[in-house]
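Open the model in your viewer and keep the selection box handy. We will go from stop to stop, picking residues and seeing what is there.

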Amino acid sequence: MTSMEKLQLLLARGTGHKNLVDDLFKTVDDSLKVYRRVGVFEITDQSNEQRGTDNFQCNVDGCTSSFTSMADYDSHYNSNHRYTCIYCRKLLQSAHLLDLHLSETHDNFFKVSSVKKPMFKCFIETCQTQFWNSEDRNVHCKEIHNMSKGFLQHYGNK
């Protein structure tokens, strides 16, 4: 088949969105199973958020909260589960603080390395200063970044 014949064939198919059961996809789908739907699908005109009558549970183990809208669920998840330590279930305010917590509290390599070089990173993600211990970091954060004593005490609680 020449290039011109291929072009004519494509033009004959038309433009725009194609349905998944269109013959155009059949050959590929039969061999690669790319467009095959697996599972149960419900196609409705209204989203869950618009309906507002369906209750659904939080999907985090141990959480019993239920919601009637995705906006309520998103708000709950972001404030209660997004940056939670998987080892001790401590809730932190950002990915950076969670990363620091995981390293400093649960990582044995960190504990060994912190004896040999400064490993305690500043609480401010854009600050690249590192310290030998958490006390020196706390002094730095309080004096340089004006962090409250309350925040530093909260972070220090294991």
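Start by selecting Asn146, which is exposed, with a relative accessible area of 65%; exposed means over 50%, buried under 20% and partly exposed in between, using a 1.4 Å probe and protein chains only. Asn146 sits in the loop that links helix H7 (134–144) to H8. Helices here are DSSP runs of H or I with at least four residues, strands are E runs of at least two, and both are numbered from the N terminus. Check the backbone too: Asn146 is not a glycine, yet its phi is positive, at about 55°.

Before moving on, a word on what you are viewing: this is a predicted model, where local features need pLDDT of at least 70 and side-chain atom pairs count only at pLDDT 80 or more, while totals for chains, interfaces and linings use all residues. Residues are numbered from 1 along each chain as its sequence is written, and side-chain values use heavy atoms, leaving out hydrogens and water.

Next, select Cys141. Which residues does Cys141 touch, not counting those up to four places away in sequence? They are Cys122, Phe123, Asn146, Met147 and Leu152, with contact meaning heavy atoms within 4.5 Å.

Now add Leu97, Phe123 and Tyr155 to Cys141: these four touch the most other members of the largest nonpolar core, which has 16 residues. Such a core is a set of buried Ala, Val, Leu, Ile, Met, Phe, Trp, Tyr and Cys residues joined through side-chain atoms within 4.5 Å. Colour helix H5 (95–106) and helix H8 (149–156), since each supplies at least two residues of this core. H5 gives the most, with 3 residues. Another core, of 5 residues, lies apart from it; Cys58, Cys63, Phe67 and Tyr73 are among them. In soluble globular proteins, nonpolar side chains tend to be buried together.

For the next backbone stop, pick Arg89, in the loop between helix H4 (70–80) and H5. Arg89 is not a glycine either, and its phi is positive, near 65°.

Finally, colour the ranges that UniProt lists in an unreviewed entry as "domain: C2H2-type": residues 58–81, 85–106 and 122–145. Such annotations may be inferred rather than shown by experiment. Residues 58–81 are 46% helix and 8% strand, with end C-alpha atoms 10 Å apart. Residues 85–106 are 55% helix and 0% strand, and their end C-alpha atoms are 10 Å apart.
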